[in-house]
Each structure stands twice: as C-alpha cells, then as structure tokens.
Amino acid sequence: MSESRESARERIARARAEQARRRRRRIWLAAAGAAVVVIAAVVAITLVVTGGSSGGGLPLAPLSTLGSLAPAPPAGPAGPEGVPIPAAAPLAGTETAATGQPVDGISCQTSEQTLFHIHAHLTIFVNGAARQVPAAIGIPGAQATQSAQGPFIQSGTCFYWLHTHAADGIIHIESPVQRTYTLGNFFDIWGQPLGPDQLGPESGHVVAIYNGQVYQGNPRDIPLTAQAQIQLQVGTPLVEPQQITFPSGL
C-alpha cells in the first residue's frame with residue numbers, strides 16, 4: 001500500500017512538472033510573439049517617419065538621380081587649416097553678415113566655445129564654377145594673421161557659434177550647448193539668403209549634396225553634423241561632389 005501511495009505521488013509530481021513546463025512554454029511563446037509585434041511596429045513607424053531613406057531620416061536620394069555630372073575642378077592649394085581653398089571669387093562678401101546681435105538663438109561671444117566642437121565643409125558651384133565661402137563669417141571685427149598658406153582669422157570682436165576662419169569652406173561649430181545647427185543658421189549669420197531657389201545672390205534651382213547623396217529637402221534644413229561634406233550648386237553643368245580629407249583636429 002505504501003509503495004502504491006509513493007507511486008501515485010510520483011505520478012502526480014510528474015504531471016504537475018509537465019503542466020508547469022507547458023505553462024512556461026506558453027508564456028515564452030506569447031512573450032516572443034509580442035516582441036515580434038513591437039519590433040515590426042517600430043520598424044514600420046521608422047520607415048514612415050524617414051520615408052524609407054538612409055541618412056538618419058534625412059530626405060536623401062542616390063547621386064545617380066542627378067544624371068551625368070561634370071568632374072570636379074582642381075581643388076586649389078591647401079590653406080592655413082590644411083584644406084584646399086578654391087581659386088575663385090567668393091559667392092558673396094561679409095558686408096551683410098551679422099555684427100554681434102543674436103541670430104536664430106545663436107550668440108556672439110568674446111571667446112570661442114568648446115563644449116560642443118565639430119566641423120563641417122561647404123562647397124559651392126555656380127554654373128559649374130567654384131565659389132569661395134569667405135573667411136570671417138560669424139567673426140565681427142575680424143583680425144587676420146598671415147601664414148605661409150594664406151590669411152587666417154585669429155581674433156575678432158566676438159565669435160558666433162558658427163563661423164569661418166579661412167576661405168576653405170570649413171564651418172566651425174563651437175557652441176556652449178549641444179544642439180543641431182543647420183546650414184540655414186549659417187547663412188543667416190552670413191547675412192545671405194538660402195532656399196530651394198536662392199543661393200546667396202544667385203537665383204535658380206539649388207541642388208544640394210550631403211555626404212555624397214542628393215538632399216531633396218530645403219537646403220536650409222541640412223544639418224551641420226561632424227565632418228559633413230555639403231555641396232550646393234545653381235545652374236549647369238552640375239558638378240560631382242568634391243570631397244576633402246579632414247585634417248587631424250578638424
């Protein structure tokens with residue numbers, strides 16, 4: 001009788017263990033299914049928000065959508081920052097640049113800010129010919145120091161958080177706060193218009209290339225990210241992207 005009771009207990013224990021195992025399996029399968037649903041929803045939302053494009057949600061398209069492009073002209077000699085300076089006239093001067101008042105919430109301070117410190121590069125073409133981005137944008141009262149590679153803006157009355165030290169297209173983003181600045185902010189400090197059909201004093205459809213891809217939105221909204229390579233052009237022929245190698249420190 002004792003052996004029979006023992007056998008019954010064992011059968012009950014095994015049955016309970018099997019029930020527990022099945023219950024754990026059902027819970028695991030339900031959790032896995034829920035996770036799949038959540039992941040699918042996140043992916044779907046991401047694709048809707050980004051439009052299915054690459055580049056962190058930016059409206060980008062392959063370079064091939066522009067068709068045949070003219071080869072980029074010689075880059076020019078390296079300037080004081082180690083970046084080529086186009087042998088060309090500037091797109092516009094700095095006479096209309098901001099003189100110290102805040103612009104787009106961006107201040108002009110007596111010293112350069114370094115909490116958030118990155119650089120981007122801007123290249124400009126008009127009817128297939130290069131145009132300089134001049135030095136001293138964002139540096140009112142600029143004072144140049146002469147170097148073997150050309151003038152370098154060393155000091156000024158104040159420094160906007162977006163500025164240029166040389167005519168090489170390097171935009172210095174030196175800010176006391178980390179935030180996303182845009183090409184529109186830079187042009188506002190420069191005192192020049194920028195939009196889908198206006199590039200400084202030049203009118204016409206503006207073609208923008210961002211890190212080797214066609215930017216299909218308003219060029220004002222192009223983000224100034226670390227070592228971004230941005231090219232703007234008006235007129236024809238359209239020029240293939242001109243790439244630079246960022247020197248150490250930039």
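A residue is termed buried when its relative accessible area is under 20%. In this predicted model, strand 15 (residues 229–234) is mostly covered, with six of its six residues buried. Gln229, Gln231 and Gln233 point to one side of strand 15, whereas Ile230, Leu232 and Val234 point the other way, and all are buried.

Strand 15 pairs with two other strands. Strand 3, which spans residues 116–126, runs parallel to strand 15 and is joined to it by six bridges. Within this pairing, Val126 stands opposite Val234 of strand 15. Strand 13, formed by residues 206–210, runs antiparallel to strand 15, and five bridges connect the two. Here Ile209 is found opposite Gln231, a residue that is itself buried.

Helix 2 comprises residues 183–190. This helix is likewise mostly covered, seven of its eight residues being buried. Those buried residues are Leu183, Gly184, Asn185, Phe186, Phe187, Ile189 and Trp190. Gly191 follows helix 2 and has a positive phi, near 80°.

Residues of helix 2 and strand 15 also enter the largest nonpolar core. This core contains 40 residues, of which Leu122, Leu183, Phe186, Phe187, Leu224 and Leu232 touch the most other members. Two or more residues are given to the core by each of strand 3, strand 9 (170–175), helix 2, strand 13 and strand 15. The largest share, six residues, is that of strand 3. The surroundings of Leu122 illustrate the packing. When neighbours within four places in sequence are set aside, Leu122 is in contact with Val133, Gly169, Ile171, Leu183, Phe186, Phe187, Ile230 and Leu232. Among these partners, Leu183, Phe186 and Phe187 are buried residues of helix 2, while Ile230 and Leu232 point the same way from strand 15. A second core, separate from the one just described, has five residues, including Val83, Ile170, Ile244 and Phe246.

One salt bridge is counted in the model. It is formed by Asp188 and Arg220, whose closest N and O atoms are 2.9 Å apart. Asp188 belongs to helix 2 and Arg220 to the loop between strand 14 (213–215) and strand 15, so the pair ties together parts that lie 32 residues apart in sequence. Both partners are partly exposed: Asp188 has a relative accessibility of 26%, and Arg220 has a relative accessible area of 25%.

A further link between parts distant in sequence involves Glu240, which is located in the segment after strand 15. Glu240 is partly exposed, its relative accessible area being 34%. Glu240 and Ser68 are separated by 172 residues in sequence, yet their C-alpha atoms are 8.6 Å apart in space. Apart from neighbours within four places in sequence, the contacts of Glu240 are with Leu69, Ala70, Pro71, Ala72 and Gln231. With Ala72 there is a polar approach, as a polar atom of the Glu240 side chain lies 3.4 Å from the backbone nitrogen of Ala72. Gln231, another of the contacts of Glu240, is the residue of strand 15 that stands opposite Ile209.

Terms used: Residues numbered from 1 in each chain as written. Predicted model: local features only at pLDDT ≥ 70, side-chain atom pairs only at ≥ 80, totals over all residues. Heavy atoms only, no water. Salt bridge = Lys/Arg side-chain N within 4 Å of Asp/Glu carboxyl O. Helix = DSSP H or I, 4+ residues; strand = E, 2+ residues; numbered from the N terminus. Buried < 20%, exposed > 50% of the residue type's maximum accessible area, 1.4 Å probe, protein only. Pairing = 2+ DSSP bridges. Core = buried A, V, L, I, M, F, W, Y, C linked by side-chain atoms within 4.5 Å. Contact = heavy atoms within 4.5 Å. Polar contact = N/O pair within 3.5 Å; in protein donor to acceptor, adjacent residues only side chain to side chain.
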